[in-house]
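This report looks at charged side chains and at the two sides of one helix. Please keep the sequence and the model at hand while reading.

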Amino acid sequence: MEIQLWRQILCPYELAVKELTVKFNHLIKEHHEKDLYSPITQVMGRVKSVTSILDKLQRKNIPLDKLEEEIDDIAGIRIICQFVEDIAKVEELIRGRSDMEIVSVKDYIHHIKPSGYRSYHLIIAYTVETLQGPKKIHAEIQIRTMAMDFWSTIEHSLQYKYKANMPEHIRKRLSNAADAIVALDHEMSSVRSDIMDAQNSSMTNLKLVEDILNNIENLYRVSNKREVSKIQDEFYRIYQMNDMEQLKHFHRQLDIISEGYRAQAVTTDFEE
């Protein structure tokens, strides 16, 4: 197959990976903006290399002219979650969308591979717009925890190094590590509510501080600089106390001051 034809084949898949990555990252952003816990922590994407495609065609005895029909993971998206429970929530989010359709599911969470590999795979149908018009393609979405992803990355590197000849002692240690990953995910799930409470508290505190600093910055533009410096000093004093309730009270008072200046500016503009 000519190089140019490979580019033509892979171009829609490259577009799909870019679009899907943007869409899933936007889901994370939407959750954060609404002060909601996001089941998605990280999103990565890739298009399978020509070498990997050729290896798979040969391994599975697939003719070259059937590659788009027979290979579902030319476009791949990896979604990383914190907890095993988040995986089902991500699948639910995907099932609720109108721009992608789940074609098949491979559950390696409840049906662990002999190597110890664990992940949740969805094959989706997704349509991209090209110069030749809409093109429906298949893409694979791998959903896994951070712990699963760590193990998988190591295992993939070793498989690449040893091919089919991985030494038994390394295979055994990988299997033991996989068991440890299962235990780690289970342990994290047992303290999930505490971890989420801590993370939500941290996010709330971060958003509160950002709002306060934005208010102070806006006040610098419309009010007496010396007064704003006093407000800023007061903010630093309260922040160092690490007292959330006082910080919230300061935020409410600052909102009242800022609203007063905004009303004054509107009145002045109206009179002019």
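What follows describes salt bridges, a helix with a buried side, and a patch of surface charge in a predicted model.

**Salt bridges**

Side chains of opposite charge can pair when their charged atoms come close. In this model the count comes to 17 salt bridges, and three of the pairs are set out below, with the distance between N and O for each pair.

| Pair | N to O distance | Relative accessibility |
|---|---|---|
| K135 and E68 | 3.4 Å | K135 28%, E68 32% |
| R97 and D99 | 2.9 Å | R97 25%, D99 25% |
| E245 and K248 | 3.9 Å | E245 52%, K248 31% |

The salt bridge between K135 and E68 links two elements, because K135 belongs to strand β5 (residues 133-145) while E68 belongs to helix α3, so that the pair ties together parts lying 67 residues apart in sequence. K135 is partly exposed, and E68 likewise counts as partly exposed.

The pair E245 and K248, by contrast, sits within one element, helix α9 (residues 244-271), where the two residues are three apart and are therefore separated by about one helical turn. An α-helix has 3.6 residues a turn, so residues three or four places apart point the same way. Of this pair, E245 counts as exposed, at 52% relative accessibility and thus over the 50% cut-off, whereas K248, at 31%, is partly exposed. Elsewhere in the model, salt bridges that share partners join K23, R97 and D99 into one network; within this network, R97 is partly exposed, and D99 is partly exposed as well.

**The two sides of helix α4**

Which residues of helix α4 are buried? In this helix, which covers residues 84-95, they are D86, I87, V90, E91 and I94. These buried residues lie on the same side of α4, because they cover an arc of only 145° around the axis. On the face of α4 turned away from that buried side are the exposed residues E92 and R95.

**A patch of positive charge**

On the surface, R59, K60, K106 and K113 gather in a patch of positive charge. Where is K60 placed? K60 is found in the loop between α2 (50-59) and α3 (67-70), and α3 is also the helix that holds E68, the partner of K135 in the salt bridge described above.

How values were computed: Residues numbered from 1 in each chain as written. Predicted model: local features only at pLDDT ≥ 70, side-chain atom pairs only at ≥ 80, totals over all residues. Heavy atoms only, no water. Patch = residues over 30% accessible without salt bridge, like charges linked within 9 Å, V, L, I, M, F, W, Y side chains within 5 Å. Areas by Shrake-Rupley, 256 points an atom, 1.4 Å probe, with all protein chains shown as cover. Salt bridge = Lys/Arg side-chain N within 4 Å of Asp/Glu carboxyl O. Lys, Arg positive; Asp, Glu negative; His and termini not counted. Charge placed at Lys NZ, Arg CZ, Asp CG, Glu CD. Helix = DSSP H or I, 4+ residues; strand = E, 2+ residues; numbered from the N terminus. Buried < 20%, exposed > 50% of the residue type's maximum accessible area, 1.4 Å probe, protein only. Arc of directions from axis to C-beta.
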